[in-house]
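The following report introduces a protein chain to a reader who has not seen it before. The sequence and the structure are shown first, and a description in running text follows.

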Amino acid sequence: MVRIVVGGRELDLTADEVLRRMRGVEPETVREHFVVVGEKLFPPKQALAQVTGWDRQTFTTMEATRVLSRLGLVCQRAGQRIDGRPAWVPENTTNLEEQG
């Protein structure tokens, strides 16, 4: 269990609780960031709001990403691979300058 503090509010939360509370929830459109919950991609603010009951206007995407990452969930920017490379870069390309 991880104690999180967002905007002065404290909450004890686990990754299992996030998975349980997000079960059956349909993801909204991912814009810039996402969190992987089970096999679905959610906007981080949707996930944190769903599991805490907090209004989304009371925390930022970065705060939601920080909390969810601390729980061990994968959070990243849309269009970016886990290794940090942009998604549009072909898998076998190691140097962008080689593309000419």
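Leaving aside its neighbours within four places in sequence, which residues is Pro43 in contact with? In this predicted model, Pro43 is in contact with Glu28, Thr29, Val30, His33 and Val35. Pro43 is located in the loop between β4 (40-42) and α2 (44-52). With a relative accessibility of 13%, Pro43 counts as buried, because buried means under 20%.

A second residue, Gly79, belongs to the segment after β5 (75-77). Its relative accessibility is 48%, so Gly79 counts as partly exposed. Each of these two residues can be paired with another that is distant along the chain, as the table sets out.

| Residue pair | Separation in sequence | C-alpha to C-alpha separation |
|---|---|---|
| Pro43 and Thr65 | 22 residues | 9.2 Å |
| Gly79 and Arg31 | 48 residues | 9.7 Å |

The description now turns to the strands. Strand β1 (residues 2-6) and strand β2 (residues 9-13) run antiparallel and are joined by five bridges. One of the pairings places Ile4 opposite Leu11, its bridge partner in β2. β1 and β2 form a hairpin with two residues between them. In the turn, Gly7 has a positive phi of about 60°.

An open sheet is formed by three strands in the order β4-β3-β5, with antiparallel pairing. Its edge strands, β4 and β5, each pair on one side only. Direction ignored, neighbouring strands of this sheet are turned by 35° against each other on average. Within the sheet, three bridges join strand β3 (residues 33-37) to β4, and these two strands run antiparallel. Val36 has Leu41 as its bridge partner in β4.

Helix α2 lies across β3 and β4, and runs at about 50° to β3. The same helix, α2, also meets helix α1 (residues 15-22): their axes come within 9 Å and cross at roughly 90°. α1 is therefore roughly perpendicular to α2. On the side of α1 the contact is made by Val18, Arg21 and Met22, and on the side of α2 by Ala47, Gln50 and Val51. Classed by type, this contact of α1 with α2 has four nonpolar residues, one polar residue and one charged residue.

In summary, α2 is a shared element of the description: α2 lies across β3 and β4, makes contact with α1, and follows the loop that holds Pro43.

Terms used
Residues numbered from 1 in each chain as written. Predicted model: local features only at pLDDT ≥ 70, side-chain atom pairs only at ≥ 80, totals over all residues. Heavy atoms only, no water. Pairing = 2+ DSSP bridges. Helix = DSSP H or I, 4+ residues; strand = E, 2+ residues; numbered from the N terminus. Buried < 20%, exposed > 50% of the residue type's maximum accessible area, 1.4 Å probe, protein only. Contact = heavy atoms within 4.5 Å. Axes fitted to C-alpha atoms, helices over the stretch in contact; angles between N-to-C directions. Parallel < 35°, antiparallel > 145°, perpendicular 65-115°, else oblique. Nonpolar A, V, L, I, M, F, W, Y, C, P; charged D, E, K, R; others polar.
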